[in-house]
Amino acid sequence: MNIPFLIFNSQALNHLIRLSKIIKFAIMGSTKTNNDNQGVELIVTRTEEPTLVQPYEKTEKGLYFLSNLDQNIAVIVRTIYCFKSEEKGNETAAEVIKDALSKVLVHYYPAAGRLTLSPEGKLIVDCTDEGAVFVEAEANCNIKDIGDHTKPDPVTLGKLVYDIPGAKNILEIPPLVVQVTKFKCGGFVLGLGMNHNLFDGIAAMEFINSWSRIARGLPLKQPPFLDRTLLKARNPPIVEFPHDEFLEIDDISNTADLYKEELSYKSFCFSPEDLENLKAQAIIEGPMSSCTTFEALSAFVWKARTESLKMKPEQKTKLLFAVDGRAKFNPPLPEAYSGNGIVLTNAICTAGEQIENPLSFTVKLVHDAVKMITDSYMRSAIDYFEVTRARPSLSSTLLITTWSKLSFHANDFGWGEPVMSGPVALPEKEVILFLSHGEQRKSVNVLLGLPVSAMKTFEELMKRV
């Protein structure tokens with residue numbers, strides 16, 4: 001049953017207020033942006049009123065448990081997938097995708113429910129079978145006319161994902177919102193708003209892949225594993241480690257004032273050769289004889305951002321990033337686990353330490369943060385949330401989200417693989433996104449937003465690869 005708003009405790013209400021602030025950014029994007037897109041103005045017209053797509057068959061009803069890992073990232077992730085086939089037009093696109101959606105929701109029935117709060121003030125899904133929101137629309141131009149897709153553009157690309165009118169917080173937004181927009185060239189864009197509480201990146205890709213297979217008349221590769229009680233907190237909770245991912249750091253450098261400037265969104269492409277050069281730089285004068293691409297690139301970007309924001313030497317700066325814990329749990333999570341299997345880890349140092357030392361100093365911090373993720377640490381993080389209800393703090397923090405290993409490009413609904421896919425907007429100003437790029441997906445695009453003055457410095461530092 002739904003939990004009436006009138007009986008929310010103060011902790012739950014504060015939780016909703018925090019979610020509202022997050023979701024406002026996720027829906028609207030920054031109000032002051034500089035995107036460099038040079039395409040025509042995109043005008044999208046909805047051709048029908050939004051409808052609800054329910055599961056094709058009856059599914060389980062009742063309250064569906066979300067683990068403490070699911071609680072951590074309460075945002076709507078908006079992505080687009082652009083399709084253009086030489087063999088077929090877009091006339092049946094909405095019908096095919098809508099029909100397949102009703103069938104895939106039988107397997108992923110929580111996505112047809114609604115988010116609510118449990119009596120303990122935690123997020124939970126009420127499996128009502130109300131359905132996913134589905135919208136059909138038309139655009140005034142060709143897909144290629146909408147400009148540079150290589151960076152988030154909440155103003156232009158945001159028109160391709162439907163926003164729930166009047167939604168004040170994440171509880172008022174269905175977990176799955178779908179928009180199919182037909183373009184004059186015969187192509188179309190599938191725009192999705194997916195609730196991160198239900199899907200991390202890996203689970204989302206599995207869902208979309210299953211959906212696309214059904215659209216092509218194929219069976220699922222394997223049904224999703226929906227039981228999230230595998231990640232219940234221990235009773236009693238056991239917090240064995242410090243969890244600085246939740247640490248609030250004072251902004252003694254007043255970077256908040258800098259962020260009052262216009263924000264500039266940029267994309268920086270690192271070729272395989274660039275990445276190899278970076279890995280070579282990353283071990284100079286350091287204790288490590290080798291490092292991963294992620295460690296080198298993360299350290300390089302973190303250090304450059306610290307310098308670009310002109311942080312004071314004594315300013316603490318934190319790096320947050322997610323590690324896929326599926327194989328690191330003991331026993332490992334089932335292969336088709338359809339929930340958040342990611343765990344946040346962190347590294348902290350002062351800006352002075354970072355700037356004055358060679359890149360290898362920061363690389364070692366990132367390396368140690370990766371190694372920190374063990375079954376014991378992840379169970380401790382789950383229990384920490386159970387005890388504190390704390391959420392990771394982004395004060396004086398960089399959060400790196402890695403989508404470079406996610407198969408955005410591999411989803412074929414019958415019109416071939418997408419000619420382009422990616423995010424509509426970054427969920428927060430502290431977020432940097434890594435995306436795979438190029439025909440063989442061996443390059444990495446780094447997407448971020450910074451105040452205009454800081455972005456100028458960041459661009460110069462990127463030339464040091």
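Helices and strands here are DSSP runs, a helix having at least four residues, and they are numbered from the N terminus. The model is predicted. By that numbering, Arg-213 sits in helix α4, and this residue is a convenient place to start.

Arg-213 is buried but makes no salt bridge. The closest side chain of opposite charge belongs to Glu-206, at 8.5 Å. A salt bridge requires a side-chain nitrogen of Lys or Arg within 4 Å of a carboxyl oxygen of Asp or Glu. Once neighbours within four places in sequence are set aside, the contacts of Arg-213 are Leu-218, Pro-219, Leu-220 and Lys-221.

From here the text turns to the nonpolar interior. The largest nonpolar core has 116 residues, and the members that touch the most others are Leu-101, Leu-190, Phe-207 and Trp-211. Apart from this core lies another, of 17 residues, which includes Ile-80, Cys-141, Leu-157 and Val-424. Phe-207 shows what such contacts look like: leaving out residues up to four places away in sequence, Phe-207 touches Leu-101, Val-104, Tyr-108, Leu-176, Met-194 and Phe-199.

Strand β9 covers residues 176-182 and contains Val-177. Val-177 counts as buried because its relative accessibility is 3%, and the cut-off for buried is under 20%. Beyond residues up to four places away in sequence, Val-177 touches Val-133, Tyr-162, Ile-164, Gly-191, Leu-192 and Gly-193. Val-177 and Leu-52 are 125 residues apart along the chain, yet their C-alpha atoms are separated by 9.3 Å.

Further along the chain is helix α9, residues 359-371. Helix α9 has 13 residues and spans 19 Å from first C-alpha to last, close to the 18 Å expected at 1.5 Å a residue. Which residues of α9 are buried? They are Leu-359, Ser-360, Thr-362, Val-363, Leu-365, Val-366, His-367 and Ala-369. These buried residues pack against three helices, α6 (272-282), α7 (293-308) and α8 (351-356), and against two strands, β12 (316-324) and β13 (342-350).

The loops hold some backbone features to look at. Two peptide bonds before proline are described here. The bond from Asn-235 to Pro-236 is cis, with omega near 5°, and Pro-236 lies in the loop between α4 (201-215) and α5 (255-258). The bond from Asn-330 to Pro-331 is also cis, with omega near 0°, and Pro-331 is in the loop between β12 and β13.

Positive phi values appear in loops as well. Asn-254, a residue other than glycine, has phi near 55° and is found in the loop between α4 and α5. Arg-389, likewise not a glycine, has phi near 60° and belongs to the loop between α10 (375-388) and β14 (397-402). Are these two residues buried or exposed? Asn-254 is partly exposed, because its relative accessibility is 46%. Arg-389 is buried, because its relative accessible area is 15%.

The cysteines come last. How many disulfides does the structure hold? The number is 0. Cys-291 counts as buried because its relative accessibility is 11%, and Cys-349 is buried with a relative accessible area of 5%. Cys-141 appeared above as one of the members of the 17-residue core.

Conventions: Residues numbered from 1 in each chain as written. Predicted model: local features only at pLDDT ≥ 70, side-chain atom pairs only at ≥ 80, totals over all residues. Heavy atoms only, no water. Expected span 1.5 Å × (residues − 1). Buried < 20%, exposed > 50% of the residue type's maximum accessible area, 1.4 Å probe, protein only. Contact = heavy atoms within 4.5 Å. Core = buried A, V, L, I, M, F, W, Y, C linked by side-chain atoms within 4.5 Å. Disulfide = S-S within 2.5 Å. Lys, Arg positive; Asp, Glu negative; His and termini not counted.
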